[in-house]
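Okay, everyone, let's get going. I'll put the structure up and then walk you through the bits I found worth a look.

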Amino acid sequence: VSGQDMVSILQLVQNLMHGEEEEETSQAYRLQNVGEQGHMALLGHSLAAYISVLDRERLRNLTTRILSDTTLWLCRLFRYENGSAYYHEDDREGLLKICRLVIHTRYEDYTVEGFNVLYTKQPVIYISSAARTGLGQVLCNQLGLPLSCMCRVPCNTMFGSQHQMDVALLDRLIKDDVESGKLPLLLVANAGTPGAGHTDKLGRLKELCEQYNMWLHVEGVNLATLALGYVSSSVLAATKCDSMTLTLGSWLGLPAVPAVTLYRHEDPSLSLAAGLTSSQPVEKLRALPLWLSLQYLGHDGIVERIKHASQLSQRLLENLKNLDFIKTSVEDELSSPVVVFKFFREYSNRDQTSRAAQASTFQHPIMSNERHVYDTFNQWLGEQLAQLVPASGVDVVELEDEGTCVRFSPLMTSAVLGTEIQDVDQLVDCLKMKIPVLTSTLQLREEFEQEVRRTVGLLYIEDLSWPGLGVVRYNYHSDGKNDDKQEKELEKINTELLKKLNELESDLTFSLGPEFGGQKNCVYIGMVTEDLDVSELVETIAATGREIEENSRLLENMTEVVRKGIQEAQLQLQKANEERLLEEGVLRQIPVVGSVLNWFSPFQASPKGRTFNLTAGSLESTESTYISKAQGTGTTPPPTPTSSLAKQRLPGQKIFKRSPRSSDAFSETSSVSHCDDLEKMDQRPPTVSPGQEQGPLETEKTEEQKEVAQATKTDTEDIQSDKSPHDCTKVEEQENQR
């Protein structure tokens with residue numbers, strides 16, 4: 001097969017990048033913030049390919065210059081003196097190379113004997129329990145070590161931040177490993193945990209590592225603040241560590257730039273053995289995209305971007321302090337680049353005492369369920385905020401102690417998304433709109449559960465993972481049916497119930513629940529507002545379900561009723577034919593003789609037939625039809641009963657909404673009194689002559705009374721018009737008899 005031209009290949013790449021037309025708008029938002037600094041980084045990859053074809057001497061000189069310049073700039077920018085740099089694509093690869101360097105340093109015969117040296121004295125790597133998920137397993141797999149070489153250090157439980165490593169407990173763990181013949185090798189600390197953005201006590205950890213001759217490696221988003229003029233003491237201690245990993249791509253919004261691991265080590269041969277340095281010039285070209293981007297931004301541009309992200313965090317934190325039902329989890333309120341918050345409703349002292357007593361009595365089911373509900377609500381809140389304000393870059397994070405929270409980390413997202421101050425203000429406005437909805441739904445969940453449990457025919461389904469008012473199922477009365485048929489009928493009724501509820505003009509959302517993990521044959525009700533009438537909602541669901549069940553039973557029994565009616569009609573018609581045969585005689589049944597006999601002596605027989613009344617489910621004679629020359633109407637079906645909670649609504653008021661009590665009371669009393677007066681006036685015959693003047697009482701009739709009178713008159717006419725034709729026929733017959 002012959003090759004394709006460049007235009008066709010580029011067109012294919014463009015189609016693969018943008019995909020379908022509907023996906024082009026979502027991709028354009030990510031690409032519009034690349035900017036010139038992003039183009040410089042992308043240009044570095046192309047230039048690296050061109051530079052690699054230079055002659056060996058020029059290539060070596062150029063790569064050495066690029067690598068040394070980039071390393072020098074980064075060490076000065078992040079206050080890491082006398083450091084070397086390793087550039088890598090995967091941000092975990094730098095730590096992996098550092099572990100190999102430490103193994104080569106602590107085990108002198110490792111190059112010759114290999115794993116036999118590790119077997120005699122097992123190495124131990126210590127990682128915080130707040131570290132990235134799966135980091136320890138990746139290190140063990142890549143290094144060929146068993147998982148027993150990885151030790152997870154718990155965080156503080158009594159004093160200090162609950163996201164910081166427990167230094168005292170770490171000291172005891174190291175002593176136990178030394179006593180058991182193991183070799184403490186390396187400690188991975190955090191300057192900004194992946195979840196909450198807290199910084200470990202790096203100063204004390206460094207002292208502990210020096211005491212046991214361990215290597216200290218630091219990583220985290222807070223390392224970006226080392227480039228600012230003011231740096232907190234907890235983060236500044238990272239400059240004394242043995243190595244650190246920087247992810248400049250996300251901090252500065254630079255696409256496709258490598259991560260950097262800065263380290264200090266005096267033996268270049270061991271660095272080469274560990275893979276931190278390379279003799280291949282092409283490997284050194286990894287720093288070219290970063291070399292171009294750093295020159296384009298300059299020192300001031302880099303500091304400005306990091307400073308802008310810190311200002312966004314402070315702006316959000318200041319606004320969150322003024323909001324009720326919002327709980328924040330930050331390490332330092334003065335300078336915290338990561339803001340973690342959650343929706344949480346504080347209870348009064350009396351409520352806390354009662355709930356604590358219930359929790360102790362029932363072995364904490366209330367508190368566990370309550371946390372699960374809050375996790376669900378905060379999950380919904382984070383998804384709503386991310387959807388309403390996509391430029392903010394908020395996401396949902398799971399923390400061990402706080403549960404589900406919403407995280408705002410502009411250092412990781414603002415440079416790529418182009419987040420500005422107005423985006424933070426918009427985020428706060430959206431949060432203010434969602435808080436009343438969350439509080440109202442949380443308050444009405446218990447009332448909804450009680451109403452459903454008291455209502456016959458409804459079953460309350462407890463689903464703590466549903467962010468809404470609750471889940472309800474209409475119970476179908478099986479009448480001895482098998483399970484498969486009952487399940488299908490239950491699904492049919494609840495599906496029709498959901499359809500009927502969605503047709504109502506209300507602000508509520510009814511759905512089948514989540515796509516995965518939800519209950520079957522249920523109606524899920526979403527978030528609600530404080531003016532929801534829960535009793536009316538539950539009564540409407542029950543009444544609608546009963547109506548659907550009755551209609552379903554009627555259609556189900558219709559086939560059997562019609563079949564029995566046809567059989568009965570056939571028997572009656574056969575019997576009628578036998579009776580007619582006896583009345584007419586046998587001679588009239590002979591073809592020729594019967595015609596002659598009928599000509600001489602005609603036989604008058606009234607036609608007899610049968611009609612099937614679907615309403616009554618019975619057979620009736622057609623004699624009345626032939627007499628009156630019109631088919632009878634039969635029994636009029638009873639009207640469908642309406643809900644007992646149906647009430648008169650104000651103009652523009654939607655269903656399931658509570659109206660003000662004063663307006664309800666006024667409308668009810670006024671309507672009753674007006675109707676009574678109008679009935680008395682209609683029953684009283686007119687006694688006023690055409691020339692007689694009206695009294696003062698009648699002249700003061702208000703416009704409202706006139707409207708009610710007109711409405712009552714219309715209702716009276718409608719009631720009279722609803723009379724059955726049978727009643728009208730009786731009235732005509734009585735008039736004719738007179």
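Let's start with a helix pair: the axes of α4 and helix α15 (residues 288-321) come within 10 Å, and they cross at roughly 35°. The crossing is a left-handed one for α4 and α15. If you want to find the contact on screen, look on the α4 side for I66, D69, T70, W73, L74 and L77; these meet L288, L290, W291, L294, Q295, H299 and I302 in α15.

Before I go on, please keep in mind that this is a predicted model. For orientation, the protein has 27 helices and 17 strands. Of its 738 residues, 40% count as buried. And if you take the contacts with a separation of 6 or more, 68% of them are between residues 24 or more positions apart.

Staying with α4 for a moment, T63 also sits in that helix, which covers residues 56-77. Is T63 buried or exposed? It's at 0% relative accessibility, so T63 counts as buried. What does T63 touch, once you leave aside its neighbours within four places in sequence? Those contacts are P281, K284 and L285.

Now, over to the sheet. It's an open one with seven strands, and the order reads β1-β7-β6-β5-β4-β2-β3, with mixed pairing. Which strands stand at the edges? Those are β1 (84-88) and β3 (150-153); each has a single partner strand, so one side of each is left without a neighbour in the sheet. On average, and ignoring direction, neighbouring strands here are turned by 20° against each other.

Take the β1 edge. Four of the five residues of β1 are buried, so this strand is largely enclosed by the rest of the structure. Its pairing with strand β7 (residues 259-263) is antiparallel and runs over five bridges. To pick out one of them, Y86 has T261 in β7 as its bridge partner.

Further along, strand β2 (residues 123-128) pairs with strand β4 (residues 183-190), this time in the parallel sense, over five bridges. Here V124 has P184 in β4 as its bridge partner.

What about helices on this sheet? Helix α8 (residues 135-143) lies across β2, β3 and β5 (215-219), and runs at about 155° to β2. Then there's helix α10 (residues 202-211), which packs on the sheet and touches β4 and β5; the angle between its direction and that of β5 is about 155°.

One loop residue in this area: S148, between α8 and β3. At 44% relative accessibility, S148 counts as partly exposed. S148 and V124 are 24 residues apart in sequence, and C-alpha to C-alpha they are 8.0 Å apart in space. Not counting residues up to four places away in sequence, S148 touches Q122 and K182.

Last topic, the aromatics. A pair of rings is described by the distance of the centres and the angle of the planes. How many aromatic pairs does the structure hold? Six. One of them is F343 with Y374, a tilted pair at 5.9 Å centre to centre, with 45° between the planes. F343 lies in strand β9 (residues 339-343) and Y374 in helix α17 (residues 365-388), so this pair ties together parts that are 31 residues apart in sequence. Both F343 and Y374 are buried.

Next, W466 and Y524: the ring centres are 4.9 Å apart and the planes are at 70°, so this pair is edge-to-face. This pair links distant parts of the chain, with W466 in the loop between β12 (458-461) and β13 (470-474) and Y524 in strand β15 (residues 523-525), 58 residues apart. W466 and Y524 are buried too.

Back to F343 for a second, since ring pairs link F325, F343, F344 and Y374 into a cluster. F344 has a charge over its face as well: K327 lies there, at 5.5 Å from the ring centre. Elsewhere on the list of charges over rings, R264 lies over the face of Y80, at 3.8 Å from the ring centre.

That's my tour. Happy to take questions.

Definitions and conventions: Residues numbered from 1 in each chain as written. Predicted model: local features only at pLDDT ≥ 70, side-chain atom pairs only at ≥ 80, totals over all residues. Heavy atoms only, no water. Phe/Tyr/Trp six-rings, centres within 6.5 Å; stacked < 30°, edge-to-face > 60°. Helix = DSSP H or I, 4+ residues; strand = E, 2+ residues; numbered from the N terminus. Buried < 20%, exposed > 50% of the residue type's maximum accessible area, 1.4 Å probe, protein only. Lys NZ or Arg CZ within 6 Å of the ring centre and 35° of its normal. Pairing = 2+ DSSP bridges. Axes fitted to C-alpha atoms, helices over the stretch in contact; angles between N-to-C directions. Contact = heavy atoms within 4.5 Å. Left-handed = near helix turned anticlockwise from the far one by under 90°.
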